[in-house]
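Please open the model in your viewer, switch to a cartoon drawing, and keep the sequence panel in sight, as this tour moves from one selection to the next.

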Amino acid sequence: ILISKTMMQILKNSYNFLKYQTQSLNYPKLNTRFDKDFISVNALRSSGIYIDNNFGSNNNSAKDLISFYDKIDKTKLKKHINDKASSKNKASYKIIITKFFDRDLLLSFAQNDFFIKNIQQYFGFEPFLREVRVVADIKNQFSDKPVYTQNFHRDYDDIKLVKSFFYLTDVDETNGPFQFLSKTHSKPWYNPGSLSEKNIFEKFNQKDLVSCVGNKGTLILADTNGLHRGLVLKKGYRYMVTAMYTSNNPRFGKLEEIVW
């Protein structure tokens, strides 16, 4: 019996939906009564994304992190990035620079009350800090086309998942803003087939695409079960701290809390 591609996709999505519902039974029932008391939670529930352009000036842990970054020897940092970027690897647009930062400072930032309390309300239980890393995104020397995380994708680490993105540099449309397709987090089981930009915008409204531009100190929280990507850099660079929060039993096992 021949099954059309459309029917096959429907069957896959039905299976993914049932699997998601079964996994959801392992978690406490959400109590949304107090959502209003947590600044990010309503935005996360409704659209899947929360943006605070002033987090770096209003949060003490964020201030400390920016102050530390400002004092880093930028000559050594850029040499490290350039050395890694010359590897002739299409993935060399993304360089891990965590080793230039203080471990305790990164943990203090990622575990501060704002993240823990807001994400706990969103999850319905205390979040598990799965990883923290600092990354530098630069213009890809080996490909002008989007590769890897520059294509639309979902994260599958857990059905309970929030990632934070904290900009250490100014980010505009030319140097790789994080982009999120609003509301797609609400159906994480849904696979639209091809994840090409053309197909995505045929299935979803392009007006729902949030492009997260912002100055140094901008914070983004996103339920990355939703479709997202980092826009291809046309010039310059983007440095940011990322942290991933899941349940204490993520799908693919636990990672190191600090990614060097």
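Before the first selection, a word on terms: an axis here is a line fitted to C-alpha atoms, for helices over the stretch in contact, and angles run from 0 to 180 degrees between N-to-C directions. Please also bear in mind that this is a predicted model.

**First stop: two helices**

Select helix H4 (residues 60-71) together with helix H6 (residues 103-110), whose axes come within 9 Å and cross at roughly 150°. Because angles over 145 degrees count as roughly antiparallel, H4 is described as roughly antiparallel to H6. The crossing of the pair H4 and H6 is left-handed. Now show the side chains where the two helices meet: H4 brings Ser 61, Ala 62, Asp 64, Leu 65 and Phe 68 to the contact, while H6 brings Leu 105, Leu 106, Ser 108 and Phe 109. Coloured by type, the residues of this contact between H4 and H6 divide into 6 nonpolar, 2 polar and 1 charged.

**Second stop: the sheet of 6 strands**

Next, bring up the open sheet of 6 strands, which has the order E1-E7-E4-E9-E3-E2 with antiparallel pairing. Which strands stand at the edges? They are strand E1 (49-52) and strand E2 (94-96), and since each has a single partner strand, one side of each is left without a neighbour in the sheet. From one strand to the next, the twist averages 25°. With this sheet still in view, add helix H5 (residues 74-85), which packs on the sheet and touches E2, E3 and strand E9 (237-246), its direction making about 125° with that of E2.

**Third stop: from E2 through E3 to E9**

Starting at the edge strand E2, move to strand E3 (residues 128-138), with which E2 pairs in the antiparallel sense over 3 bridges. Two residue pairs are worth labelling here: Lys 94 stands opposite Asp 137 in E3, and Ile 95 has Ala 136 of E3 as its bridge partner. If you then colour E3 by accessibility, you will find that 9 of its 11 residues are buried, so that E3 is largely enclosed by the rest of the structure. Between E3 and E9 the pairing is again antiparallel, over 10 bridges, and Phe 128 can be found opposite Thr 246 in E9.

**Fourth stop: around E7**

Cross to the part of the sheet that holds strand E7 (residues 219-222), where Leu 219 and Leu 221 point one way, Ile 220 and Ala 222 point the other way, and all are buried. Strand E1 runs antiparallel to E7 and is joined to it by 4 bridges, with Leu 221 in E7 as the bridge partner of Tyr 50. Strand E4 (residues 161-167) also pairs with E7 in the antiparallel sense, over 4 bridges, and Phe 166 stands opposite Leu 219 in E7.

**Last stop: the sheet of 3 strands**

Finally, select the open sheet of 3 strands, whose order is E6-E5-E8 and whose pairing is antiparallel. Its edges are strand E6 (209-212) and strand E8 (228-230), each with a single partner strand, so one side of each is left without a neighbour in the sheet. Neighbouring strands of this sheet are turned by 15° against each other on average, when direction is ignored. To finish, select strand E5 (residues 178-181) with E8, which pair in the antiparallel sense over 3 bridges, and label Phe 180, whose bridge partner in E8 is His 228.

How values were computed
Residues are numbered from 1 along each chain as its sequence is written. This is a predicted model: local features need pLDDT of at least 70, side-chain atom pairs count only at pLDDT 80 or more; totals for chains, interfaces and linings use all residues. Side-chain values use heavy atoms; hydrogens and water are left out. Two strands pair if DSSP finds at least two bridges between them. Contact means heavy atoms within 4.5 Å. Angles under 35 degrees count as roughly parallel, over 145 as roughly antiparallel, 65 to 115 as roughly perpendicular and the rest as oblique. A crossing is left-handed if the near helix is turned anticlockwise from the far one by less than a right angle, and right-handed if clockwise. Ala, Val, Leu, Ile, Met, Phe, Trp, Tyr, Cys and Pro count as nonpolar, Asp, Glu, Lys and Arg as charged, and the others, Gly among them, as polar. Buried means under 20% relative accessible area, exposed over 50%, partly exposed in between (1.4 Å probe, protein chains only).
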